[in-house]
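Please examine the sequence and the three-dimensional structure presented here. Which features can be read from them?

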Amino acid sequence: MPSSECRIVELKYGENDLFRCEIAEERLVSHFQPPREISAAEYHAEIASAMSGPLDFPPLSQSVIPGDKIAVAVEADFADPVPIIKEVWSQLASANIQPEDVTIIQAEFPGTGDNPDPRAGLPAEIRDRKSTR
């Protein structure tokens, strides 16, 4: 079978193993490619971009005014809320929102009660003034 009629499919498994094969296009029902791995700097840049230019909504910093009371909900099993909360605070601070006007709500992680502190990436003077529940 000519390779122009086939698709090369790679499946990663284990820590460093790779299965690679060619499958005829007419036999391939679906092919999922996971997101590419990105550096921490790229990840933080993507978060900042999403906050400053969300789809069909104004930037977060333009969606609030000083004096607004803001609650930020963090899902219990969210793996690493720290960089997102850090960027949310950056956007809120640029809109002159005061730390005491922001409450971060985080449910306990089921079964462990060991949640990462979403405020960990904030400056100490802000982290200590912010309310978390």
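The questions and answers below treat the fold, the core and some individual residues.

This is a predicted model, in which local features need pLDDT of at least 70, side-chain atom pairs count only at pLDDT 80 or more, and totals for chains, interfaces and linings use all residues. Residues are numbered from 1 along each chain as its sequence is written, and side-chain values use heavy atoms, with hydrogens and water left out.

Q: In what pattern do helices and strands follow each other along the sequence?
A: Helices (H or I, at least four residues) and strands (E, at least two) are DSSP runs, numbered from the N terminus. The chain holds 3 helices and 5 strands. Read along the sequence, their pattern is β-β-α-β-α-β-α-β.

Q: What percentage of the residues of the chain count as buried?
A: A residue is buried under 20% relative accessible area, exposed over 50%, and partly exposed in between (1.4 Å probe, protein chains only). The chain has 133 residues, and the share that counts as buried is 26%.

Q: Which element supplies the largest share of the largest nonpolar core?
A: A nonpolar core is a set of buried Ala, Val, Leu, Ile, Met, Phe, Trp, Tyr and Cys residues joined through side-chain atoms within 4.5 Å. The largest one has 16 residues, of which Ile-70, Leu-92, Ile-97 and Val-102 touch the most other members. At least two residues each come from α1 (40-52), β3 (70-74), α2 (82-94) and β4 (102-106). The largest share, 4 residues, is supplied by α2.

Q: Which residues does Ile-97 contact, leaving aside its neighbours within four places in sequence?
A: Contact means heavy atoms within 4.5 Å. Ile-97 is one of the core members that touch the most others. With those sequence neighbours left aside, its contacts are Val-64, Ile-65, Pro-66, Ile-70, Trp-89, Leu-92 and Val-102.

Q: Which residues does Val-88 contact, leaving aside its neighbours within four places in sequence?
A: Val-88 lies in helix α2. Because its relative accessible area is 11%, Val-88 is buried. Leaving aside neighbours within four places in sequence, Val-88 is in contact with Met-51, Leu-60 and Val-72.

Q: How far from Glu-87 is the nearest side chain of opposite charge?
A: Glu-87 is found in helix α2 and touches Ile-47, Ala-48 and Met-51, not counting residues up to four places away in sequence. Lys and Arg count as positive and Asp and Glu as negative, while His and the chain ends are not counted. Glu-87 is buried yet has no salt bridge (a side-chain nitrogen of Lys or Arg within 4 Å of a carboxyl oxygen of Asp or Glu). The nearest side chain of opposite charge, Lys-86, lies at 7.9 Å.

Q: Is Asp-56 buried or exposed?
A: Asp-56 is found in the loop between α1 and β3. Its phi is positive, about 55 degrees, although Asp-56 is not a glycine. Because its relative accessibility is 82%, Asp-56 counts as exposed.

Q: What is the distance in space between Glu-75 and Gln-106, C-alpha to C-alpha?
A: Glu-75 is placed in the loop between β3 and α2. Its relative accessible area is 54%, so Glu-75 is exposed. Glu-75 and Gln-106 are 31 residues apart in sequence, and their C-alpha to C-alpha distance in space is 6.2 Å.
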